[in-house]
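Reader: Could we go through this structure together? I would like to begin with the surface and then turn to the fold.
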Amino acid sequence: MIILKIGGSILTNKDSVSEVDAASLKRIASEIKSSLDNSPKELIIVHGAGSFGHPPAKKYKIGEVFDKSEYPQKRIGFCETQNAVKKLNMLICEAFIEEGLPVVAIPASSFMTATNKRITQGNLDSFKRYLKKGFIPVIYGDVVLDDELEICVISGDQLIQYLAMNLNPDVVVLGTDVDGVYNKNPKTHDDAIFFDRFSSLDDLDTLEGTTNVDVTGGMVGKIKELLYLADLGIESKIINAEVEDNIFKVLENENVKGTVISRGN
Ligand code: ADP
């Protein structure tokens, strides 16, 4: 079983609201299809919320403590965010189905709940059943009910952690728009040093996260989730999904430049 995350940064234009990157989407869909045609495999796809989900989540401060009197507004914010990420998911699924990929959306907001922004409940039996029937379950960054905060945002990266912890996949891959983890943001620092392996947040010079609106934590949030997994003995790899054929190669277990997140050396 492979769990593949495709970052919102690849699928959407993060600088403009709610715009899908159709060319990337089509290319990635076709790379996944080629790999599945080459050799059958169980695949779960997770995608980020990108420019669809982050603006409403930020506008309504979803995940922050609020007064009871603000509930009606927060509830609408929850709905707006849920609807925005659902739209992105529909566009992604549409492109994947066009390519012949049997994707089925399983939104986190429909079956998961959290406590203090961490997923604490979410039965994955339907994932297993869909996988057995040859489908590709797709789940994405979403809003969910929270036992402490009423509502919160769940990132695609936290979903990766939860799914991997509970389903024990053979491979966990995160496709983003940089080659992997550097000691500082490679988009803003020409001298950033690349890590083949990464095992501690202490190795980061700056903890600035990401360059744009991402209430879920950007690269730092990603690494934190993957370090949890590493503690459980599950290795993961961050690769650049903007580089042509990288997704195909990684699904085929071929060597691709990237950062392996693990606790050992
Ligand atoms: P995605 O949407 O693909 O999940 P994000 O935009 O949340 O990804 O995070 C990836 C971004 O994190 C990169 O585009 C990069 O600019 C930024 N970033 C910040 N710090 C680092 C770092 N130390 N190493 C790599 N990328 C970093």
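Author: Certainly. This is a predicted model, and the accessible surface of the protein chain comes to about 12,300 Å². Carbon and sulfur atoms account for 47% of that surface.

Reader: How many positive and negative side chains are there in the protein chain?
Author: The protein chain has 29 positive and 39 negative side chains. The centres of the two sets lie 4 Å apart.

Reader: And what is the radius of gyration of the protein chain?
Author: The value is 17 Å. A compact globule of 265 residues would have a radius of gyration near 18 Å, so the protein chain agrees with that expectation. Along the principal axes, its C-alpha atoms fill a box of roughly 55 × 45 × 35 Å.

Reader: What share of the residues is buried?
Author: Buried residues make up 53% of the 265 in the protein chain.

Reader: Changing topic, how many helices and strands are there?
Author: The protein chain contains eight helices and 12 strands. Of the contacts between residues at least 6 apart in sequence, 71% join residues at least 24 apart.

Reader: Let us take helix α2. How far does α2 reach from its first C-alpha to its last?
Author: Helix α2, residues 22-38, has 17 residues and reaches 24 Å, close to the 24 Å expected at 1.5 Å a residue.

Reader: Which residues of α2 are buried?
Author: They are Ser 24, Leu 25, Arg 27, Ile 28, Ala 29, Glu 31, Ile 32, Ser 35 and Leu 36.

Reader: What do the buried residues of α2 pack against?
Author: They pack against strands β1 (2-6), β2 (43-47) and β6 (136-140), and against helices α1 (8-11), α4 (71-98) and α8 (246-251).

Terms used: Residues numbered from 1 in each chain as written. Predicted model: local features only at pLDDT ≥ 70, side-chain atom pairs only at ≥ 80, totals over all residues. Heavy atoms only, no water. Helix = DSSP H or I, 4+ residues; strand = E, 2+ residues; numbered from the N terminus. Expected span 1.5 Å × (residues − 1). Buried < 20%, exposed > 50% of the residue type's maximum accessible area, 1.4 Å probe, protein only. Contact = heavy atoms within 4.5 Å. Rg over C-alpha atoms; globule rule 2.2 N^0.38 Å. Areas by Shrake-Rupley, 256 points an atom, 1.4 Å probe, with all protein chains shown as cover. Lys, Arg positive; Asp, Glu negative; His and termini not counted. Charge placed at Lys NZ, Arg CZ, Asp CG, Glu CD.
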